[in-house]
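Here is a friendly tour of a protein model, written for someone who is new to reading structures. Keep the viewer open and look up each residue as it comes along.

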Amino acid sequence: MLSDIFYRVFYFLREALHGMSRNRFTHLVAVGTITFALLTFGIFLLTVINLNRIFDEWGRRIHLIAYLDDSINQQELNALRERITTLPYTHLVTFVSKEQALTLLKESLQGQSGILENLEVNPLPASLEIQLKDAYKNSQSLKAIVAKIKQFDKVRDVEYGQEWLEKFSAFISMVKLVGITIGCFLLLATIFIISNTIKLTIYSRRDEIEIMKLVGATNFFIQAPFFVEGLLQGLIGSLGALGTLYLGYRMFMSTTTAHYGFYRGPLTLVFLPQTLVVSLILFGVVLGVGGCILSMGRFLKA
Amino acid sequence: MIQMFNVYKVYPHNHPALTDISLHIKKGDFVVVTGSSGAGKTTLIKLIFCAERATQGQIIVQGVNFSKLDHARITTLRRNTGVVFQDFRLLTQRTAYENVVFALEALGTRRTEIKRKAWQALKLVGLQKRLDAKPLELSGGEQQRIAIARALVNNPAMLLADEPTGNLDADITQDIMALFKSINERGTTVVIATHNKNLASQYPHHHIILERGRRVDTGAC
């Protein structure tokens, strides 16, 4: 019984390989298309994943500055400082007085600090610099924390370089949108090409199919080798895409490490995680089998 | 085995192929269907193995009423029906043995049975010494023998042949007809369509004559 099942699987595989070797060129085109589509998709994924990492990393280095109202007194300041310190996401709170802020500004202006000489009133507000715990140093948490601290009494404003972060976030969103648009077109084109490849294979094997129908073979038995062909196309195509992507990644890494050694450390670019690698392979297989189902459906109706 | 009641077949563009055909072929019969080109012989054979559906009328083959036919029943029916054509319809890239094995593999036959059945079928048609020859290396008669072996390999209850000797010379035609007769003597119902009236006259007892899609014989079956 088990040997019969193995024999059938072997039969489907043998027939599929037979079909592929007889239509080498068309299958090569299909595999090439899958490779190209998944490679493009992989490059896009790799880009987005690494941009997100960079984004989160920068987010981690950022600290919040809560600018205080000039009317705040020592008692209120202590209460506010205590309140912020006891928040679950706060790591450290440092007070910067109006005078310290001015001194820091003068230091940062260096030779041009003279422009501050004629100030009659110190316009800079006192502030609390808030270091967050690592777990909360991401863009989503930052927004929520800023909104919360802004509501505290005597807090005039909270800053964390949001404009820059938002611009970068918008850039990532745009990359995602472009990637998804290109991905959809490639997906349609790939399914179309695979479906046509299988159609050509069906046409070249029409004599065999006719005989199979004549002797009473079930649809499953007639279709199975074609599904195996689609599956193999998808598998080879996705492995080819991942191999090329990894090779490209390694080459890029060795070049950037040689020229820009400072990129090492937290900003080192990463390859796709295992789950995405497996997903891409499965996606390739689904593409191959999907294209096959499309043409087999039409064929069975005929 | 095969029953038809007032069967009509009209192809698209209102082209009638068969008109009011009734027949009853019994199990173990040897029947020759004859008529000139376009008389409807091929259509009649096609109706029997469900390659075409009747426009009107009832067809019952091996106890199955074709008006209630679904895909699974067609598959079962074809497993019990061998079909042979004038142009042999062999896979030219495969050997004689592989052509017969192909029909067995397509039905998911157990591996242990494939070799034995293929060998027996090829021995029955006298090709046991040409197993490794490809069709184009063989004569027309030998190619038709492969086709017959393939049709018989699953031990069908009936064998249909559409102009099986149409491409063969007179001597080989007689050999092939003798082979059909011997297959019939083993209990298989055989229905042969041919335009060759001389050949048909050799089997006068079960004879269907068609003319422009109508039966014109005395109706012995």
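In chain A, the loop between helix H5 (139-150) and strand S4 (155-159) is home to A:Lys154. Keep in mind that this is a predicted model. A:Lys154 is not a glycine, yet its phi is positive, about 75 degrees. Is A:Lys154 buried or exposed, or something in between? The answer is partly exposed, because A:Lys154 has 16 C-beta neighbours inside 10 Å, and a residue needs 20 or more to be buried and 12 or fewer to be exposed.

Chain B offers a similar case. B:Gln62 is not a glycine and has a positive phi of about 50 degrees. You will find B:Gln62 in the loop between strand S4 (56-61) and strand S5 (64-65) of chain B. With 16 other C-beta atoms within 10 Å, B:Gln62 is partly exposed. A glycine with a positive phi can be found as well: B:Gly126, which follows helix H4 of chain B, has a phi near 75 degrees.

The table puts these residues side by side.

| Residue | Phi | Place |
|---|---|---|
| A:Lys154 | about 75 degrees | loop between H5 and S4 of chain A |
| B:Gln62 | about 50 degrees | loop between S4 and S5 of chain B |
| B:Gly126 | near 75 degrees | follows H4 of chain B |

Let us go back to strand S4 of chain A and look at its pairing. S4(A) and S1(A) run antiparallel and are paired over four bridges. One pair to look for is A:Leu68 with its bridge partner in S4(A), A:Val155. S1(A) is also joined to strand S3 (residues 127-132) of chain A by four bridges, again in the antiparallel sense. Here A:Tyr67 stands opposite A:Ser127 of S3(A).

Which residues of strand S1 (residues 64-68) of chain A lie on its covered face? They are A:Leu64, A:Ala66 and A:Leu68, while A:Ile65 and A:Tyr67 form the uncovered face. In a regular strand, side chains alternate between the two faces of the sheet.

Now for a helix with two sides. Helix H4 (residues 111-124) of chain B has 14 residues and spans 21 Å from its first C-alpha to its last, close to the 20 Å expected at 1.5 Å a residue. In H4(B), the residues B:Ala118, B:Ala121 and B:Leu122 are buried. Looking down the axis of H4(B), you would see the buried residues fall within an arc of 95 degrees, so they line one face of the helix. They pack against helix H3 (96-105) and helix H5 (140-152) of chain B. On the other side of H4(B), B:Thr112, B:Glu113 and B:Arg116 are exposed.

Another residue worth finding is A:Pro225, in helix H8 (residues 219-259) of chain A. A:Pro225 counts as buried because it has 22 C-beta neighbours inside 10 Å, where 20 or more are needed. Apart from neighbours within four places in sequence, A:Pro225 is in contact with A:Phe12, A:Glu15, A:Ala16 and A:Gly19. A:Leu17 is 208 residues away from A:Pro225 in sequence, but their C-alpha atoms are 8.6 Å apart in space.

Finally, the chains meet: 15 residues of chain A are in contact with 16 residues of chain B. On the chain A side, helix H1 (2-22) and helix H7 (206-214) each supply at least two residues. By class, that side has eight nonpolar, three polar and four charged residues.

Notes: Residues numbered from 1 in each chain as written. Chains lettered and ligands numbered in written order. Predicted model: local features only at pLDDT ≥ 70, side-chain atom pairs only at ≥ 80, totals over all residues. Contact = placed C-beta atoms within 7 Å. Nonpolar A, V, L, I, M, F, W, Y, C, P; charged D, E, K, R; others polar. Pairing = 2+ DSSP bridges. Expected span 1.5 Å × (residues − 1). Arc of directions from axis to C-beta.
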